[in-house]
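Subject: Structure handover

Hi,

Here is the structure I promised to pass on. Have a look at it first, and my notes come after.

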Amino acid sequence: MVGALPKYQNSLGHIAKVVMPMYRTKFLYANEWELVHEGGQTLGNQWFKYSVIREKTNKLGFDLYVVDINGLLDREKIYGYDDDRERFISFQLAVCDWVSRWQNVPDIVHCHDHQAGLVPFFMKHCYAFNYKLANVRTVFTIHNGEYQGQFGWDKYYYIPAYDTWNWGGLDWNNAINPMASGVKSSWRVTTVSPGYMEELRHSARGLEKLFEYERGKCVGILNGIDTEVWDAETDSYLAKNYSIKSVEEGKVANKKHLCEQFGLDENKPLICFIGRLVGEKAADVLPGGIGQSIYQNGGMANFLILGSGDTAVEEELNALAQRFKGIVACYIGYSEPLSHIMYAGCDFLLMPSRVEPCGLNQMYALRYGTVPIVRNIGGLKDTVKDFGADGGFGITMEQSSAGDIAYSISRAISLYNDKEKFSEIREVMMKIDHSWDVSAAAYIKLYESVI
Ligand code: ADP
């Protein structure tokens, strides 16, 4: 989202820039950078130096700044370290310090997830920054409410000086909770789909009451997809490119390619799963659901799974593929090229997720003419309508259970055999517009409502 939204906002005539930590990723080494600012801040009693560098060519369609702090942010992984708390608080301090030195401050600072959740509080209440930034409007977007970044008040000294009666702006359940603070201190809160915003009021790892109380400033805006990257007519990873007019031949060619590679039968419906093999995605019920379906339907469908995550699930899926050779295949790992050809070559995409704030896979699938089989939750609920309903085009299920998966697969097989309905649905799906143009305009409207 942060890589796409600003590009579209700029094309609408605004100036959107992005600042993020300088992780030591491939992207960093593959591009040219220039130093734009150097400064220092203190985290508790530790002084640290930071630098801000900018990507020189503007190839992303917006200015990208990255903040480097030696010993803290210069790591390969984005998160998952023991000192993540120190890393992200330092990053937020550096950003507030840098922005407070700009001659013209921005109209809006838009923060994403708990790693940037303290920024609205810092800007509003901390003396080091509020003399300049207190009136800058802030928007906070929640991509995943499961991760809140909370820590004990024993680390109170990490927060720069502020009027202590404002401590409530940091607190939730006797801890400093950056996600709760972002919700309390910003002017508007968004989630990446309207359905997910609703669900947070009932299930938000302890923050339910906060979302209920703050509902007046909360809104769900569905993410878009990058329609330049995800375009079956030009996608260079495909065995054959296709448009809405040539979808039948195009999908057959890509399916043939996949079936040859994985030893599957191209005459059977091909159902795939792409994603992290974790509980949130209900990957643990996949083996049971697929197994049950094979017994119920006598191996009438083929399955292809791409993903990595929990070792136990990976092992179970590998075992399933061994047991049902020619019916189930899996690729444990991450492969961008394979994912593209799977969206193109498969007939159905399975997403039985337990939690899905937005979900991109189902939107890619729709655009590539692949029928999504999804659980009726979060962003999936907002983007997929069951084919049984008027104007519907997908298959929905109520629970992330093996039984629901197997039942949905039976429905998928019947749909696949009804060639006329199947091709009618493909056309409906491929015409749906989930481009960023729509979401970018919604965000601009939201910004304007607080300026
Ligand atoms: P989440 O961000 O919760 O993992 P999303 O649906 O929002 O789920 O985005 C997942 C993205 O990652 C999709 O673009 C999907 O194609 C991609 N992806 C996930 N796992 C893999 C994998 N093993 N190989 C290639 N792409 C993957």
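Below is what turned up, going from the whole chain to the two sheets and then the cavity.

Some ground rules before the findings. This is a predicted model, in which local features need pLDDT of at least 70 and side-chain atom pairs count only at pLDDT 80 or more, while totals for chains, interfaces and linings use all residues. Residues are numbered from 1 along each chain as its sequence is written, and side-chain values use heavy atoms, with hydrogens and water left out.

**Overall**

The protein chain has 17 helices and 16 strands (DSSP runs numbered from the N terminus: H or I of at least four residues for helices, E of at least two for strands). Along the principal axes, its C-alpha atoms fill a box of roughly 70 × 45 × 40 Å. The radius of gyration is 24 Å, which agrees with the value near 22 Å for a compact globule of 451 residues (taken over C-alpha atoms; the globule rule is 2.2 Å times the number of residues to the power 0.38).

**The sheet with four strands**

Here 4 strands make an open, parallel sheet ordered E5-E6-E9-E10 (two strands pair if DSSP finds at least two bridges between them). Strands E5 (108-112) and E10 (218-220) are at the edges with a single partner strand each, so one side of each has no neighbour in the sheet. Neighbouring strands are turned by 25° against each other on average, direction ignored (axes are lines fitted to C-alpha atoms, for helices over the stretch in contact, and angles run from 0 to 180 degrees between N-to-C directions).

Inside this sheet, E6 (residues 137-142) and E9 (residues 188-191) run parallel and are joined by 4 bridges; valine 139 has arginine 188 in E9 as its bridge partner. Helix H17 (residues 436-450) packs on the sheet and touches E5, E6, E9 and E10, its direction making about 165° with that of E9 (contact means heavy atoms within 4.5 Å). Helix H6 (residues 178-185) lies across E6 and E9, at about 135° to E6.

**The sheet with six strands**

The order in this open sheet of 6 strands is E13-E12-E11-E14-E15-E16, again with parallel pairing. Its edges are E13 (328-332) and E16 (395-397), each with a single partner strand, so one side of each is left without a neighbour. The twist averages 20° from one strand to the next.

E15 (residues 371-375) is joined to E16 by 3 bridges, and valine 374 has threonine 396 as its partner in E16. Helix H10 (residues 286-297) packs on the sheet, touching E11, E12 (302-309), E13 and E14 (348-351), with its direction at about 170° to that of E12. Helix H11 (residues 311-323) lies across E11, E12 and E13 and runs at about 145° to E13.

**The cavity**

How many cavities of 30 Å³ or more are there? The count is 1 (on a 1 Å grid over the protein atoms alone, a cavity is a set of points where a 1.4 Å probe fits but cannot get out, and lining residues have an atom within 4 Å of a point). The largest cavity holds about 40 Å³, with volume being the space filled by probe spheres set on the points. Its lining is Phe273, Ile274, Gly275, Lys281, Met351, Pro352, Ser353 and Asn361. Strand E11 (residues 270-277) contributes the most, 3 residues.

Key
On a 1 Å grid over the protein atoms alone, a cavity is a set of points where a 1.4 Å probe fits but cannot get out, and a pocket is an open set with protein on both sides within 12 Å along at least five of seven lines; lining residues have an atom within 4 Å of a point.
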